[in-house]
Amino acid sequence: MAFPKDFLWGAATSSYQIEGAALEDGRGECIWHRFSHTPGKVLNGDTGDVACDHYHRYIDDIKLMKDLGLKAYRFSVSWPRILPQGVGEVNDLGLDFYDRLVDELLAADIIPFLTLYHWDLPQALQDRGGWLNPEIVGWFSEYTDIVSRRLGDRVKAWTTHNEPWVAAFLVHAFGEHAPGLKEWALGFQAAHHLLLAHGAAVPIIRQNVPDGQVGIVLDQAERTPATDSEADQQAAYLSGVAGGHQWFLDPIFKGYYPPDGVRYLTEQLEGIDLDAVKSACVPIDYLGINYYFRMVFAANEDGTPFPPRIVPQPDAPKTQMDWEIYPDGLYNILTYIHKTYGPIDLYVTENGAAYPDRPPVNGVVEDPERIAYLQQHFAAAERAIAEGVPLKGYFVWSLLDNFEWAFGYERRFGIVYVDFNTLTRTPKQSALWYKDWIAAQTKA
Ligand code: FCB
């Protein structure tokens, strides 16, 4: 068995997706509140107003985690719960909530992994330009300082951003996420500020949590060329360096944007001081990887590789998200990142699958596809570890069925089924399978 006994088996969630209590106890409005309350933005008009009501049910949820044998739990802090206006006045009730959550986790022997930004930006800051305003580097620093001062005595694993690619491009270029802007160049501006904010936050956390581990979580898709032709290979390569995964990896680990990408992006990068991104390159202790699917790229009909063309794979196995199931991709990415950007500790901070699960029958929710998905991805992770990749933990996405952004409650990623009328939790068969798996992997 390649997984070490102290491997951290866990589960992940995020604040807006599970907490509910959207405006309670002084929490300020976040961009997802505004967006989900705007007709036509989220499937079925769903909002995070109640979500899983985790804000009130966290004690039971931690009992559930304990019962499953989870060693670690990855959650995010809601910025507008702490700073309703984004900066300035601190809402103590918001900090108190995370204080209680952390204490309860520690009492249950579950290691808290805290993410500062998982997309619920205070609306008040969005009104001032959000991630497009360079001042956000200071705003994020202020927020980071407050949270790390308060929780740093007990939380030792800190993540600045979750998936800055999504926070930059799905938000500002593709319009799918709050607040739904649609201009490619804006995606690059936001990416730049997300990177600078990361670089500014890490030393603040180090200062406040000297014995802490600090990292960032990046989404990684497997990117393969449709054929062996040079043009298709170039297309797949450019999909990564010109605004894809290397757009974040290179600045964070090397201090500059990928030159091959920059060459193709002249207009989109206008007005950005590209050299300033060297401040994103500060030593970190770990990199979190969120891995879900593969994408296949080809050159365009006229042979040009840019912008790369996505080639649909109609016959490939997929989840309900229409994401291709491709476990080898996890192995490829872990080994690639280790060789290219390592050595650095790695975690799979998200991996999982949505299926249209049926409500419990006699307390049982059958989800064999999800079990198969997990088994295959564990095997891929195991192969990477056997080859020397320092993978330290794995967090299934997600603990609970939850508010899956623009898809509302229709896409169930949980290993625990949530009835969104009664809010009853029922561990699916995958949760019970995971419980047995963890017990077998970690037994003395
Ligand atoms: C990731 C997000 C997470 C969830 C999963 C399915 O991109 O980090 O919040 O939406 O996808």
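Contact is taken here as heavy atoms within 4.5 Å. In the predicted model, helix 5 spans residues 92-107. Its 16 residues reach 22 Å from the first C-alpha to the last, close to the 22 Å expected at 1.5 Å a residue. The buried residues of helix 5 are G94, L95, F97, Y98, D99, L101, V102 and L105. Among the elements that cover these buried residues are helix 1 (15-18), helix 3 (54-68), helix 4 (79-82) and helix 7 (136-151); strand 2 (72-76) and strand 3 (111-117) also contribute to the cover. Just after helix 5, D109 adopts a positive phi of about 65 degrees.

The ligand is surrounded by Q17, H118, W119, N162, E163, N290, Y292, E350, W397, E404, W405 and F413. This shell comprises five nonpolar, four polar and three charged residues. Polar side-chain atoms approach oxygen atoms of the ligand at 2.8 Å in the case of H118, at 2.9 Å for E404 and at 3.0 Å for N162. Taken alone, the ligand exposes 290 Å², of which the protein buries 94%.

Two residues of the ligand shell, N290 and Y292, are also touched by Q220. Q220 belongs to strand 5, which covers residues 213-225. With residues up to four places away in sequence left aside, Q220 further touches H245, L249, I289, Y291, I333 and I337. The relative accessible area of Q220 is 4%, and the residue is therefore classed as buried, the cut-off being under 20%.

How values were computed
Residues are numbered from 1 along each chain as its sequence is written. This is a predicted model: local features need pLDDT of at least 70, side-chain atom pairs count only at pLDDT 80 or more; totals for chains, interfaces and linings use all residues. Side-chain values use heavy atoms; hydrogens and water are left out. A residue is near a molecule or strand if one of its heavy atoms lies within 4 Å of it. A polar contact is a pair of N or O atoms within 3.5 Å; within protein, one must be able to donate a hydrogen and the other to accept it, and residues adjacent in sequence count only if both atoms are side-chain atoms. Accessible areas come from the Shrake-Rupley method with a 1.4 Å probe; for residues, only the protein chains shown count as cover. Ala, Val, Leu, Ile, Met, Phe, Trp, Tyr, Cys and Pro count as nonpolar, Asp, Glu, Lys and Arg as charged, and the others, Gly among them, as polar. Helices (H or I, at least four residues) and strands (E, at least two) are DSSP runs, numbered from the N terminus. Buried means under 20% relative accessible area, exposed over 50%, partly exposed in between (1.4 Å probe, protein chains only). The expected span of a helix is 1.5 Å times one less than its number of residues.
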